[in-house]
Amino acid sequence: MVQKDLQTEPESLDRVDGRPKVTGTATYSAEYAVGNLAHSVLITSTIAKGRIKNINAKAAEESPGVLAVISHLNSPGVPGYPPAKQPAEPAPVGTAFRVFYDELIYFNGQPVAMVVAETLEQANHAASLITIGYEIATHQTDFEANLSKSAVALSVQRSKNSPFQDYGRGNPEAFDAAEVKIEATYTIPTQHHQPMEPHAIIAVWEGEDKLTVYDKNQGVKSAQGNLAQAFKLARENVKVNAQFIGGAFGSGIRVWPHTVAAVLAAKKLKRPVKLVLGRELMFTSVGYRPYTVQKIAIGASKNGILTAMNHEGTGQTSAYEEHLERTILATRAMYACPNVFTKYRLLNLDVNTPTWMRGPGDATGMFALESALDEMAFALHIDPLEFRLQNHADTDPERNLPWSAKSLKECYELGAEKFGWKNRLPAPRSMQKDGMLVGYGMASSLYGFHRHPSKARAVFSRKGSVVVQSATMDIGPGTGTAMTRIASKILGVSPGKIRFDLGDSSLPDAPGQNGSSTIPSVGSAVHVACEALKTKLLKLASEIPGLNLQPDQMTIKNGRIFNLTDASGGISLSDVLKYHNLEQVEVTEESKSGAERDQYSMYSFGCHFIEVHVSPLTGEVRVKRVVTCADVGKIINYKTARSQSIGGIAGGIGMALMEASVMDHRFGRYITNDFVSYHIPVYADVPQIDVIYVDKPDVHVNPIGSKGLGEIAIVGVAAAIANAVFHATGKRVRDLPITVEKLI
Amino acid sequence: MQEKPQGAGDPDDESLKSDQRLADRRLFLQQSIAIAGLSFAPGNFFGGSEAFAEELPLGDAEKVKLALSVNGKKHRLSIDPRVTLLNLLREQLGLTGTKKGCDFGQCGACTVHVDGQRVLSCLSFAVMQHGRKITTIEGLADGNQLHPMQEAFIKHDGFQCGYCTPGQLMSAVACVREGQAGSEDEIREYMSGNLCRCGAYPNIVNAIMEVKNNGQKV
């Protein structure tokens, strides 16, 4: 199966950092060999709300090897923290949690103290000797029990142009008047990113006003800015390194309190400090996909035309800070429907602040919308795919703009053909195999196009090698591989002679790796930088007498410049530099969006077809087959793209079938706090997956015609699985995850 | 039983083996006590000697001598008995290729080979490895020549972020050696202890199948 896929794109590059990753030489944040390193562990609150009465750290401080116990009682302080009480303002409404700031407790698992010692063993032991007295206040952590307290976010109330304002188009009575109606509530529990690499940092003060961190994050530039602001340092005096990131899926977009804690400790001790979060702390320290309840009401005509879609979503946030996501936004753009109304609400609870997790908002919202579409198709006795085709949006119904490109119909066609959708018998429980109930389900997918200003530097050196640099990231998708491919194609230099540098805040500006924006943004910057470098090299070559190189005939291939009419002539790039007595030729270019943003509506589209087998006895669900098809414009490197799509499906399988962070509300504390209690997909849960791309450049979005892939890979997957489960069993599960007790 | 482990021997030396057994036994007892607490330790298990119990290296005061081989290199060490094999490799020997994913034996990222068997290094105290031969990801390739499984992982793109990869590779090699890579389903079953959040599972299965089917020496 794989062989066939590889043949589809024989030029696909192996991952450029494959060798360091398979030999164990790739260096992740906690692994830098820094001298005189002290080790630290965090101690976190065991209550959800209240205040610290006392911290007894005497025994810990006297324990062998201990260098310091740090808490709000003796923290050197973060000069950039706003002084106001929490919740404070301004936007995002509230204030990011301030570590070791005061005695107040906002959530269970809040960092309250830190032990720093010569070794990790000493730090861990000393941490066990600390006792903390609390004054407990009544907490509210139960989303369902507090749902009636949800409200329009304060930040939305203050921003008339917020996309989260109540939205409406058409007739508000349309749903009531519809010929066929369905109305349902969908629930997604809190789910956690849980990348395999725990968040980690080594903080090194190089002087009073100079900081270097080796930190796990998704944006070295944003981390640099954030730390410079927090510690009142000149931006250029903060250096952030993050060359290898062991997955993140959104958990590394922000600079979290533990990072600041390690920097504080290093400052206090005047020596480098390492902090690695234990897996348990990964549930309370780096955000999560928020608990979300959605109500959807859909009306349609008897012949299957959508007449009304009302979508309300309520998401969880902390008591001190607002976090909003796109939950209800997809519904406005996904289908051609004249009457659409959406509302978005937030519920503040005594928990830590959620954050973006792969496909943020859209993975959540499209679970509800695409489940509801399936319910309506069933009610109408129309094939679910046919129903979607009947309501295809040929232009963006929300903004009344043409799509920059949209090949969703082609995705449906390619996916359905590969999957064998036509073999689906419409009635639930009508298909069986080997004593198992067989279900075919499908769902659409979309994700908005994000492109941010980005810079790249490209350097050709006389030795014949190219270095391309940008302060972008690789949390796993293969950024360096894709960028190498872009540079190689433009410069006519083999990939083996190109090095791409990333993950270093001293490199040219680039956005963090999030929102599927890396290829669209940084890929464009690499493209324009390499084009500029090529122009420069061609010009230098054309100035060499005797070669007779014609500006309109010149090309570069295999490291040589020649006239298209005379492939045997020309000159090597190295010799061009030698002739001009140059060691290297360098360019730095910026690339950003222009007026096209107002002329087109820009999205990626796709769909997933999934076959599940459900045991009629135990209710166990097995995903047996997946065909996923995406239209994300031009595919830069098929091999790594395919892996990213497979990863999205695996994430979607977890979201649909097993992932749920369960809290004991008596204590406001997660009882799922490791991989035994919080289940993520294992080998046995993920079958072979067929990945199809339309692979047509979207000429309106950027110079490379390519949109991002990370998010669209997961958006819609949970719905496709839920729809397949309904088809297999006749049971509609609207509360994720779809576990056995909901099916028997 | 009351002797200290000699500890300064050559792991390949036969004369070390009896020391090793002694050390293993004693260290197993230390570990049991550290975990269970003294009050639960049956007295006669230690020959009924209360005095002996008091000599046990509890707390952080004592260093224990240890000799072991890592990727063919012999190490003579004096270590805190609380140090896990994983932390020894990562924090003291500079072998950071072995990864800490959960520290509770639930994710497989820390998988190494101990005398040829796959072992979760986070669940094993370093002092339990006295006299043993450890192979980590850094020792899998033959110099610059990658192991066939490493080649296959690159070819089939059996990873994304790369963090679980060393553990996956060590398990994959063991899986083939154990004769448990006969089919895709068998591989899925015997590799399910190694988690990958990026979802590279299908690609890894293909990599293992290829190595197995090519009959390459692993």
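## Hairpin in chain B

In this predicted model, strands β1 (residues 64-70) and β2 (residues 73-79) of chain B run antiparallel. Seven bridges join them. One pairing sets B:Lys65 against B:Ser78, its bridge partner in β2(B).

Two residues lie between the strands of this hairpin. B:Asn71 takes a positive phi there, near 50 degrees.

## Five-strand sheet in chain A

Chain A holds an open sheet of five strands. The order is β16-β17-β25-β26-β29, and the pairing is mixed. β16 (432-433) and β29 (689-693) of chain A are the edge strands, each paired on one side only.

At the β29(A) edge, the neighbour is β26 of chain A (residues 621-631). These two strands run parallel, and five bridges join them. Within β29(A), A:Asp690 stands opposite A:Val627.

## Contact between chains A and B

Chain A puts 54 residues into the contact, and chain B puts in 52. On the chain A side, the elements that give two or more residues are α2 (18-23), α4 (120-127) and α18 (638-657). α18(A) gives the most, with eight residues.

What is the make-up of the side of chain A that touches chain B, by class? It has 26 nonpolar residues, 19 polar and nine charged.

## Domains of chain A

The domain assignment of chain A gives three domains. Domain 1 is made of three segments, 32-138, 195-248 and 252-285. Domain 2 covers 140-193 and 287-400. Domain 3 is a single stretch, 452-592.

The centres of domain 1 and domain 3 of chain A, taken over C-alpha atoms, are separated by 41 Å. Their contact takes 16 residues from domain 1 and 15 residues from domain 3 of chain A. On the domain 1 side, α8 (220-230) and β11 (238-241) of chain A each supply at least two residues. α8(A) gives the most to that side, with four residues. By class, the domain 1 side has six nonpolar, eight polar and two charged residues.

## Confidence in chain A

Chain A averages a pLDDT of 96. A score of at least 70 is reached by 97% of the residues.

Where does pLDDT stay under 50 in chain A? It does so over residues 1-7. For this stretch of chain A, the model has six contacts beyond four places in sequence.

Conventions. Residues numbered from 1 in each chain as written. Chains lettered and ligands numbered in written order. Predicted model: local features only at pLDDT ≥ 70, side-chain atom pairs only at ≥ 80, totals over all residues. Pairing = 2+ DSSP bridges. Contact = placed C-beta atoms within 7 Å. Nonpolar A, V, L, I, M, F, W, Y, C, P; charged D, E, K, R; others polar. pLDDT = per-residue confidence, 0-100. Domains from an automatic or database assignment.
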